[in-house]
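These are my notebook entries on a structure I was asked to look through. I kept them in the order in which I looked things up.

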Amino acid sequence: MCNCNRLGTEEQVEKFHKVLDANLNNPNNIMEVLQKTQNIFGYIPKESVKIISDKVGVPESEVYGIITFYSQFTLTPKAKYNIDVCLGTACFVLGANDILEKILSKLKVRVGQMTEDGKWIVTSCRCLGCCGLAPAITINGEVYGKLKADDIDKIIDSFED
């Protein structure tokens with residue numbers, strides 16, 4: 001066993017090791033190992049990459065290559081709520097930057113940064129595909145459109161537990 005106390009809970013680490021043991025020296029199953037690792041932890045902890053490499057028999061650089069190539073994998077923990085702000089042309093022209101600044105100010109984060117409580121992360125994208133609703137954001141995939149910066153407090157506050 002490794003010194004895995006930084007990976008997650010005892011139960012998560014135990015599940016992780018069962019996945020590794022079932023795929024010991026089996027590089028053909030690297031995708032399955034990565035998928036199960038992400039399902040266990042909610043992301044692929046950077047500390048797990050070397051362990052996966054050693055146990056499965058895939059070079060560490062290749063493990064990173066797979067993780068960074070496929071969009072289904074992430075090396076960063078996910079927040080409970082992901083706000084994605086569209087900065088495409090239609091949204092930008094209609095005030096998306098003001099909306100983004102309002103969100104960042106309210107949550108006291110930068111783009112790509114998670115709030116200290118792990119509840120929110122704010123990202124931006126070039127197009128959400130709903131230009132008729134510009135400016136638009138999504139929260140966990142749900143679209144909020146025709147927004148003004150003044151709408152942000154009410155929307156975010158509606159998610160307070």
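Is N140 buried, partly exposed or exposed? The model I consulted is a predicted one. I looked up the accessibility of N140 and found 46%, so I entered N140 as partly exposed.

**Entry 1: backbone exceptions**

I began with N140, which sits in the loop between β3 and β4 (142–144). Its phi is near 50 degrees, a positive value in a residue that is not glycine. I noted this because most residues other than glycine have a negative phi.

K108 gave me a second case, with phi near 55 degrees, again positive in a residue other than glycine. I placed K108 in the loop between α6 (96–107) and β2. Its relative accessibility is 72%, so K108 counts as exposed.

I then turned to the peptide bonds. The bond from A134 to P135 is cis, and its omega is near -10 degrees. P135 belongs to the loop that runs between β2 (120–125) and β3 (137–139).

**Entry 2: cysteines**

How many disulfides does a search of the whole structure find? My search returned zero. C125 is in no disulfide, and the nearest cysteine sulfur, that of C86, lies 4.8 Å away. A disulfide would require the two sulfur atoms to be within 2.5 Å, so I did not enter a bond here. C127 is likewise in no disulfide; its nearest cysteine sulfur belongs to C131, at 4.2 Å. As for their surroundings, C125 is buried at a relative accessible area of 16%, whereas C127 is partly exposed at 46%.

**Entry 3: helix α3 and its neighbours**

I next took up helix α3, which covers residues 46–57 and has twelve residues. From its first C-alpha to its last it reaches 17 Å, close to the 16 Å expected at 1.5 Å a residue. Its buried residues are S48, V49, I51, I52, S53 and V56. I asked which helices these buried residues pack against. They pack against α1 (10–22), α2 (30–41) and α4 (60–69).

Two of those partners, α2 and α4, also come together with each other. I recorded that their axes come within 11 Å and cross at roughly 65 degrees. The crossing of α2 past α4 is right-handed. At this meeting, I30, M31 and L34 of α2 are in contact with V63, I66 and I67 of α4.

**Entry 4: aromatic pairs**

I counted aromatic pairs and found that the structure holds six. One of them joins F69 and Y70, whose ring centres are 4.9 Å apart and whose planes stand at 85 degrees, so I classed the pair as edge-to-face. F69 counts as exposed at 63% relative accessibility, and Y70 as partly exposed at 34%.

A pair I looked up next is that of Y81 and F159, also edge-to-face, with 4.8 Å from centre to centre and 65 degrees between the planes. Y81 lies in strand β1 (residues 81–86) and F159 in the segment after α7 (152–157), so this pair ties together parts that are 78 residues apart in sequence. Both Y81 and F159 are buried.

Finally, I returned to F69 and Y70. Ring pairs link these two residues and F73 into a cluster.

Technical notes. Residues are numbered from 1 along each chain as its sequence is written. This is a predicted model: local features need pLDDT of at least 70, side-chain atom pairs count only at pLDDT 80 or more; totals for chains, interfaces and linings use all residues. Side-chain values use heavy atoms; hydrogens and water are left out. Buried means under 20% relative accessible area, exposed over 50%, partly exposed in between (1.4 Å probe, protein chains only). Helices (H or I, at least four residues) and strands (E, at least two) are DSSP runs, numbered from the N terminus. The expected span of a helix is 1.5 Å times one less than its number of residues. Contact means heavy atoms within 4.5 Å. Rings of Phe, Tyr and Trp (its six-membered ring) pair if their centres lie within 6.5 Å; planes under 30 degrees apart count as stacked, over 60 as edge-to-face and the rest as tilted. Axes are lines fitted to C-alpha atoms, for helices over the stretch in contact, and angles run from 0 to 180 degrees between N-to-C directions. A crossing is left-handed if the near helix is turned anticlockwise from the far one by less than a right angle, and right-handed if clockwise.
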